Amino acid sequence: MKTLFISVFFVLTVNFLQAQDMCIVRGKIFDGETGESLVGAVVRIDNTEPAIVSVSDFDGNFSLENVPADAQKIVISYLSYQTKIVENLNLPAGGIKIINILLNKAAEELSEVTVSAKSLRNTENAIMVFQKKSAGLVNGVSSQQISKFGDSDAASALKRVSGLSISGGKYVFIRGLSDRYSMISLNGAQIPGLDPNKNTVQTDLFPSNIIDNIIVYKSFMPDLPASFTGGYVNIETKTYPEKFTLQFSSSFGYNPQSNLSSEFLSYKGGKYDFFGFDDGTRAIPETVQAEIPFLYENNDLLDGITKSFSKVMKTEYQKSFLNHSHSFSVGNQIKLFGKPFGFILSASYKRDFSSYNSGIYNRYNLIESADANVMNPLISENEMKGDEEVMMSLLGGFSYKLNKNNSINFTLLRNSSGLKTARYREGQKPEDNLYMYEHVLGFQERNFLSAQISGKHVLRALSGAELDWISSYTVSEQSEPDLRFFNYDGENGDYHISYNAYPSPARFYRDLSEKNSDSKINFTKSAVIFGKKIVLKTGLAFTYKYRISDSRKFDILSQNLPFNGNISDYLSDENIGQNAADATYGVYVLNDPLTDKYNSYEAEEIVSAGYGMFNFDITKQLKIITGLRFENSYTYIENKVEPSHFKHVRAEQSYPDFLPVLNLKYRLNKNTNFRFVYGRTTARPAFREIAPYAYYDFKEGWRVVGTPDLKRTLVDNIDLRWENFGKSGDIFSVSVFYKYFLNPIELIDDPRANNPEFHYVNVENSKMYGFEAEIKQHLIKTASANFFIGSNFTLLKSQVKYVENYGNDDNTGIILHRPMYGQSPWVLNVFFAYDNAKKGINANLVFNTEGSKLAVVTKGATPNIYKQSYPDLKFNISKISAGRFKIKISVNNILNRDYKKTYTYSGKEYIFQSYKLGRTYALSVSYKI
């Protein structure tokens with residue numbers, strides 16, 4: 001027995017020691033010129049018996065197992081490519097070695113081989129190769145570049161893309177066009193925006209630790225959705241790694257104006273605000289779920305309901321903390337039932353503070369007279385504001401290779417954010433001879449959960465044809481609980497609430513939920529016709545959106561109750577309703593259920609699409625890509641008023657659209673292309689824009705009215721581009737483009753209304769002309785260090801044709817032209833970067849700015865309001881230590897210029913709004929295995 005035990009122990013020990021001498025070699029095989037992955041390449045370890053061999057799958061992946069740690073050579077061979085030998089492997093005993101290999105084509109190609117369309121896109125050079133070989137006009141940002149430049153989210157990364165600018169820190173403007181003409185997708189599937197007044201998704205929702213790459217398509221192709229004109233942005237999340245990885249990072253930022261300040265403007269909120277969601281403090285009280293009686297209808301019940309609301313309606317100073325963010329990710333590739341199974345899990349948390357205490361807010365109108373025209377001040381106030389924003393994200397990505405020709409992927413993304421806002425204004429309202437005080441308390445909670453499943457299949461029975469598909473389902477919610485406004489006037493101890501001069505104190509509750517499903521399937525087949533290789537592609541798509549929006553408003557009123565300037569005293573239980581001793585009737589709330597139902601709605605949009613396209617080489621230099629996409633859209637919106645009531649409204653639209661594409665690509669030489677692209681796209685009205693009721697935007701101070709019969713916009717797009725690609729990712733390109741808009745949608749101030757009231761309307765047409773240039777050039781390049789610069793500049797001119805006296809009964813008037821709403825006349829992005837791989841040092845300086853753009857279309861002769869140019873400069877420097885630790889220092893908003901919106905009249909600038917946000921200094925530390 002003892003001998004048997006010793007023998008077994010010896011065998012197990014030998015096997016264990018042998019296993020420690022073995023390792024796994026994984027990697028990908030790519031075409032050295034195109035960067036595309038190669039299917040079917042043979043990879044073997046030299047001089048092993050038995051042979052250790054692997055064949056790359058349709059993603060170019062290979063895996064060699066049980067490789068001796070002392071193996072010296074790997075041999076890679078592929079039909080019509082030069083055989084490559086990799087030596088000096090330095091394999092880790094018991095570990096995993098990643099080797100990615102580029103193969104160059106042989107001098108004489110023997111025959112065509114199948115090349116997958118899947119490309120590596122997470123490095124700068126890979127993005128450049130993808131841009132070079134792409135059928136359409138594209139730009140991109142890789143995860144490698146995002147890491148180097150210290151971007152915190154997708155919005156920060158997109159600032160460097162040619163022709164792009166970011167509005168409000170989250171909304172993408174492409175080629176000067178507003179968010180209405182952009183589309184954002186996640187892994188190729190549409191996701192809903194969380195702002196009911198915007199047409200696109202907030203890009204700050206996507207933290208950098210989940211992003212693999214971002215591709216911006218500036219020209220339409222039949223296999224893309226057609227509802228974009230400026231650009232289509234696809235954010236690809238990270239897929240599983242080749243071996244075990246673990247990463248953690250923490251960052252802390254300090255802005256002298258906003259952080260560690262005892263004068264940070266805020267208010268008493270909920271105990272979970274630092275997680276980005278309300279704890280119920282702001283919820284509508286249970287006693288208010290039913291209808292509220294009117295004054296004198298049931299005073300006891302009315303008083304009880306009024307008392308149940310929070311008494312907090314005044315801003316206050318609080319102590320702020322440092323900006324801070326933290327992220328964690330882990331991933332690996334293992335065998336599940338003998339097949340490769342990969343996963344990546346990541347989580348992130350971010351909390352930022354921003355504030356200003358010396359802002360300016362003014363309103364003017366132009367008074368015309370025979371003697372002189374004068375800009376007359378309507379409001380002249382000082383402004384203070386504090387924002388505390390929290391964002392959390394969870395990502396799970398899973399991939400399972402059934403075999404070398406079939407794989408399934410599943411992605412689950414959960415994102416939540418909360419924005420706590422306090423605003424205080426104080427100043428003159430000359431038209432009513434009042435000195436005003438305004439308190440605004442807000443909280444906005446956003447959540448979305450997106451589940452995606454996709455697959456890719458190589459159909460060997462159809463000569464290597466490819467089938468890929470994706471289906472996603474997204475649930476998004478936005479809640480704005482207890483948005484509070486309290487306005488009053490007075491000076492020197494004499495205070496009033498003047499209901500006739502400005503809106504009464506009020507609180508709003510708004511909830512929006514949307515369900516979105518998006519499914520696509522694509523079939524790609526190569527064929528040889530008349531000796532020419534032709535790639536045929538066809539597919540189907542179906543998108544469904546369903547939205548519910550609920551709104552409730554509660555006015556806070558009183559009958560002859562004195563106000564001493566103390567909001568807490570005014571709202572105290574002693575001053576509520578019948579308890580008030582010095583009033584006809586004390587504080588009470590008023591709610592109109594009919595108005596709430598009128599301002600609440602449900603909406604649905606269905607888009608069915610199909611397309612066909614093909615590309616082929618007419619000559620060795622000239623390639624044509626052409627095709628047709630058909631989209632049939634149906635939209636309806638209906639408010640929640642009873643159908644029999646005269647305030648019930650319902651609107652429906654249906655449009656069948658045929659959208660052609662013609663793309664010519666001429667290769668002047670190996671590194672130079674000339675492109676011509678024509679495509680027709682569309683811009684459909686958002687749900688809010690066709691909702692036929694008035695929405696009061698208290699944050700801006702005006703009403704916005706939807707238009708049920710609003711038409712969708714058709715856009716004809718023409719692009720010309722010359723591009724040259726140098727070594728190491730260098731590029732120089734020049735583009736010109738032209739866009740013609742039929743029935744564009746604009747926001748116009750109705751001259752029939754006494755106060756600002758904006759309507760969404762179709763104007764007859766508009767045109768845009770543009771020039772775009774991009775350069776990236778290495779100034780110094782050695783084996784260990786690189787210094788390079790990059791810049792892109794976009795010059796734009798647009799013209800909208802509109803009727804000056806919109807709203808008059810005869811609808812006639814002077815035909816005028818002005819720039820498109822939200823369109824900037826130019827955009828400039830510049831960066832300088834230094835990278836020393838040997839010393840682990842990376843430094844960069846990034847500058848972004850754009851020209852002034854139309855922000856508000858005013859009434860009558862008053863000049864329009866423009867958002868002025870805001871130059872933004874940031875600096876990052878990082879050092880990698882011990883191969884795993886990374887320390888980064890950054891400075892943001894170095895120039896700290898004024899954010900300004902202004903009128904201009906007779907050469908003089910009049911401020912509408914102005915404020916500064918201060919510089920932010922940040923230190924981050926990360927660790928990576």
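In the predicted model, Asp518 is found in strand β28, which spans residues 506-529. Asp518 counts as buried because its relative accessibility is 1%, below the 20% limit that applies to buried residues. Two polar contacts involve the side chain of Asp518. One is made with the side chain of Lys520, at 2.6 Å, and another, of 3.1 Å, joins Asp518 to the side chain of Thr543. With residues up to four places away in sequence left out, Asp518 touches Gly188, Ala189, Gln190, Ile470, Ser471, Ser472, Phe542 and Thr543. Thr543 thus appears both in this set of neighbours and as a side-chain polar partner.

Strand β28 also holds Glu514. Glu514 has a relative accessible area of 3% and is therefore classed as buried, the cut-off being 20%. The side chain of Glu514 makes a polar contact of 2.9 Å with the side chain of Arg547. The residues that Glu514 touches, not counting those up to four places away in sequence, are Pro192, Thr474, Val475, Ser476, Lys545, Tyr546, Arg547 and Phe687. Arg547 is again one of the touching residues as well as the partner in the polar contact.

Two of the residues touched by Asp518, Ala189 and Gln190, make up strand β15 (189-190), an edge strand that pairs on one side only. The sheet in question is open and has five strands in the order β11-β16-β17-β14-β15, with mixed pairing. At the other edge is β11 (138-142), which likewise pairs on one side only. Strand β11 runs antiparallel to β16 (residues 211-217), and five bridges join the two. Within this pair, Ser142 stands opposite Asn213 of β16.

Strand β11 also takes part in the lining of a cavity. Six cavities of 30 Å³ or more were counted in the model, and the second largest of these has a volume of about 250 Å³. Its lining consists of 19 residues, with Met128, Gly140, Gln145, Glu774 and Lys776 lying nearest the centre. At least two lining residues are supplied by each of α2 (124-133), β11, β41 (765-781) and β42 (785-803). By class, the lining of this cavity comprises six nonpolar, nine polar and four charged residues.

The second largest pocket has a volume of about 310 Å³. It is lined by 18 residues, and those closest to its centre are Asp57, Ser63, Lys335, Pro340 and Lys404. The strands β4 (53-55), β5 (61-68), β21 (323-336), β22 (339-367) and β23 (374-403) each provide at least two residues of the lining. Strand β5 contributes the largest share, four residues. The lining of the second largest pocket divides into four nonpolar, six polar and eight charged residues.

Met313 occupies the loop between α5 (299-308) and β20 (316-318). Because its relative accessible area is 1%, which is under the 20% threshold, Met313 is classed as buried. Residues up to four places away in sequence aside, Met313 touches His439, Leu441, Arg484, Phe485, Phe486, Ala506, Arg507, Ile556, Ile567 and Leu571. Two of these neighbours, Ala506 and Arg507, fall within the residue range of β28 (506-529). Between the C-alpha atoms of Met313 and Gln131 the separation is 53 Å, and the two residues are 182 places apart along the chain.

Further along the chain, strand β48 (residues 872-881) pairs with β49 (residues 885-892) in the antiparallel sense, over seven bridges. Phe875 has Val891 of β49 as its bridge partner. The hairpin of β48 and β49 has three residues between its strands, and Ala882 takes a positive phi near 60° there. Strand β49 is also joined to β52 (residues 920-928), again in antiparallel fashion, by eight bridges. In this second pairing, the bridge partner of Ile887 is Val925 in β52. Strand β49 therefore pairs with both β48 and β52, two strands being counted as paired when at least two bridges are found between them.

Definitions and conventions. Residues numbered from 1 in each chain as written. Predicted model: local features only at pLDDT ≥ 70, side-chain atom pairs only at ≥ 80, totals over all residues. Heavy atoms only, no water. 1 Å grid on protein atoms, 1.4 Å probe; cavity = no way out; pocket = protein on both sides within 12 Å on 5 of 7 lines; lining within 4 Å. Points joined across faces, edges and corners; volume = space filled by probe spheres on them. Nonpolar A, V, L, I, M, F, W, Y, C, P; charged D, E, K, R; others polar. Buried < 20%, exposed > 50% of the residue type's maximum accessible area, 1.4 Å probe, protein only. Contact = heavy atoms within 4.5 Å. Polar contact = N/O pair within 3.5 Å; in protein donor to acceptor, adjacent residues only side chain to side chain.
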